[in-house]
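Colleague: Please take a close look at one part of this model, the surroundings of the ligand, and set out what can be said about them. I would also like to know how the rest of the chain is laid out around that part.

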Amino acid sequence: MLKGKKILLGITGSIAAYKAILLVRLFTKAGAEVRVIMTPSATNFVSPLVLSTLTGNKVLIDLFNEDTWANHVMLGRWADLMLIAPLSCNTMAKMAAGQCDNLLLAVYLSATCPVVVSPAMDEDMWHHPATKNNIQMLQSFGNSIINVEHGELASGLVGEGRMAEPESIVNYVTAHFFRDKVLRDKKVLVTAGPTYEAIDPVRFIGNHSSGKMGIALAEAFYLKGADVMLVTGPVYVKPVFDGIKIHQVTSAAEMYKACLSAFPTADIAVMSAAVADYQPLNVAGEKIKKKDEEMVIQLAKTRDILKSLGEIKQANQLLVGFALETQNEREYALEKMKAKNADMIVLNSLKDSNAGFGYDTNKVTVFDKEGNEYPLGLASKKVIAAEIVNIIISKVNVKETYI
Ligand code: CTP
């Protein structure tokens with residue numbers, strides 16, 4: 001997404017300027033080209049030498065240096081995006097007023113590319129009416145604002161005003177300016193995580209699914225431009241992109257209801273949740289007290305969501321299931337794909353070390369109903385998700401040409 005993108009990073013005088021080093025690393029690691037402009041006061045907080053070394057480009061500071069004076073208009077035209085992070089209160093006010101007493105402001109005022117800012121200041125400054133006015137002014141000029149975060153501030157106080165973390169800034173920039181468009185007209189439904197089946201008001205039957213694979217899939221679809229709805233059971237992670245719609249559920253029955261209602265308008269559905277196969281037949285209204293040495297809980301089958309979607313699937317919908325197996329993996333996975341009328345199935349073998357529940361990595365094989373097999377080697381769930389989404393995209397496109 002960021003590969004080959006040209007980012008003009010403006011750094012102003014704020015203690016958060018030290019985070020610009022990590023920001024530059026994240027952008028360059030993702031394949032973006034970064035050029036840095038600093039206000040003179042920013043050089044008190046972070047070394048231009050470090051930034052020029054990391055970007056491979058000279059850091060620009062002085063407006064009246066011969067070549068920068070001549071080039072300030074060109075810089076804003078060179079960039080795909082101008083990001084000012086951190087944005088100090090002072091530079092914010094100057095931007096709002098249209099002042100131009102340094103190179104960064106000159107480039108900002110002449111930039112033809114989108115501009116996004118990530119403010120950083122103490123809480124009282126952040127809440128000052130002048131700051132609020134300036135923020136509104138910047139927004140009215142068409143600039144995007146990355147919200148400040150709550151946390152420890154340079155003053156030692158705790159409150160609002162911290163610059164967003166570099167990872168969050170990169171995610172914001174990627175999601176708002178550099179999403180792919182290939183799935184722009186597609187609605188995607190993804191399920192993730194475990195389901196919890198209540199035994200009584202305090203106990204449940206659950207499983208170890210972390211939801212990481214499903215969330216990585218939702219993010220990968222989103223980055224390809226899709227309109228994504230994530231139906232998730234109880235999980236401790238959430239997608240990094242705000243644009244992903246989240247429907248949180250607890251039980252298999254709730255997940256069933258959410259999926260059945262979302263599926264008719266979905267183009268693609270990927271069921272990666274580890275849905276409970278059984279639920280307690282009766283849920284006790286009060287906490288069950290400890291009595292006998294042994295206890296039996298009667299269970300009833302839950303409804304199979306993937307199978308139900310397979311029964312109502314239309315020709316223009318692509319349905320993908322997951323299969324978690326410990327033996328006869330291939331055979332069971334193919335059987336599941338057929339029995340549930342899925343178009344593809346992703347086999348997750350628990351025999352592979354570092355793959356499956358709880359890990360950040362995974363190793364899967366994707367099968368499609370045409371008999372193709374795509375083994376994907378051990379990689380991060382993010383990479384695996386991107387590969388699965390690419391396989392799905394190739395199917396969706398093939399389908400479209402036939403319709
Ligand atoms: N699944 C579902 N609803 C259920 C159970 C499973 O939608 N009540 C979906 C899962 O999300 C997954 C696929 O079915 O996409 C396969 O899940 P898995 O647990 O591997 O298979 P089961 O059909 O439950 O069979 P078994 O547990 O016997 O292997």
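Modeller: A residue is counted as near the ligand if one of its heavy atoms lies within 4 Å of it. The model is predicted, and the values below are computed from it. There are 16 residues around the ligand, and Met271, Leu306, Phe322, Lys336 and Lys340 come nearest. By type, the shell around the ligand is made up of nine nonpolar residues, two polar ones and five charged ones.

Three polar contacts to oxygen atoms of the ligand can be described. In one, a backbone N or O atom of Met271 is 2.7 Å from a ligand oxygen. In another, a polar backbone atom of Leu324 is 3.2 Å from an oxygen atom of the ligand. Lys340 takes part through its side chain: an N or O atom there is 2.5 Å from an oxygen atom of the ligand. As for cover, the ligand taken alone exposes 570 Å², and the protein buries 76% of that.

The ligand sits in the second largest pocket. Two elements, α11 (305–312) and β16 (318–325), give two or more residues to the shell around the ligand. The largest share comes from β16, with four residues.

The loops that adjoin these elements come next. Thr302 is found in the loop between β15 (299–301) and α11. Is Thr302 buried or exposed? Its relative accessible area is 12%, and the cut-off for buried is under 20%, so Thr302 is buried. A polar atom of the Thr302 side chain lies 2.6 Å from the backbone oxygen of Ala276.

On the other side of β16, Asn328 lies in the loop between β16 and α12 (329–339). Its phi is near 40°, a positive value in a residue other than glycine. Most residues other than glycine have a negative phi. Asn328 has 39% relative accessibility and counts as partly exposed. After α12, the loop that leads to β17 (344–349) contains Asn341. The phi of Asn341 is also positive, near 55°, and Asn341 is not a glycine either. With a relative accessible area of 39%, Asn341 is partly exposed.

Before β13 (268–271) there is a loop that starts from α10 (252–262), and Pro264 lies in it. Pro264 is exposed, with a relative accessible area of 57%. Pro264 and Phe177 are 87 residues apart in sequence, and their C-alpha atoms are 30 Å apart in space.

Now the wider frame. The protein has 403 residues, of which 48% count as buried. Its secondary structure consists of 13 helices and 19 strands. The C-alpha trace spans about 80 × 55 × 40 Å along its principal axes.

Several local details belong to parts of the chain with lower residue numbers. Ser47 caps the N-terminal end of helix α2 (residues 48–55), where a side-chain oxygen lies 3.1 Å from the backbone nitrogen of Leu49. At the other end, α2 is followed by Gly56, whose phi is positive, near 75°. Pro86 belongs to strand β3 (residues 81–87). The peptide bond from Ala85 to Pro86 is cis, with omega near -5°. Most peptide bonds are trans.

Asn102 is placed in the loop between α4 (89–97) and α5 (103–110). Its relative accessibility is 8%, so by the cut-off of under 20% Asn102 counts as buried. The side chain of Asn102 reaches the backbone nitrogen of Leu105 at 2.9 Å.

Towards the other end of the chain, Asn390 lies in helix α13 (residues 381–402). With 39% relative accessibility, Asn390 counts as partly exposed. Asn390 and Lys224 are 166 residues apart along the chain, yet 9.2 Å separates their C-alpha atoms.

To return to the ligand: it sits in the second largest pocket, its oxygen atoms have polar partners in the backbone of Met271, the backbone of Leu324 and the side chain of Lys340, and β16 gives the largest share of the shell.

Definitions and conventions. Residues numbered from 1 in each chain as written. Predicted model: local features only at pLDDT ≥ 70, side-chain atom pairs only at ≥ 80, totals over all residues. Heavy atoms only, no water. Polar contact = N/O pair within 3.5 Å; in protein donor to acceptor, adjacent residues only side chain to side chain. Areas by Shrake-Rupley, 256 points an atom, 1.4 Å probe, with all protein chains shown as cover. 1 Å grid on protein atoms, 1.4 Å probe; cavity = no way out; pocket = protein on both sides within 12 Å on 5 of 7 lines; lining within 4 Å. Sits in = over half its atoms within 2 Å of the grid points. Nonpolar A, V, L, I, M, F, W, Y, C, P; charged D, E, K, R; others polar. Buried < 20%, exposed > 50% of the residue type's maximum accessible area, 1.4 Å probe, protein only.
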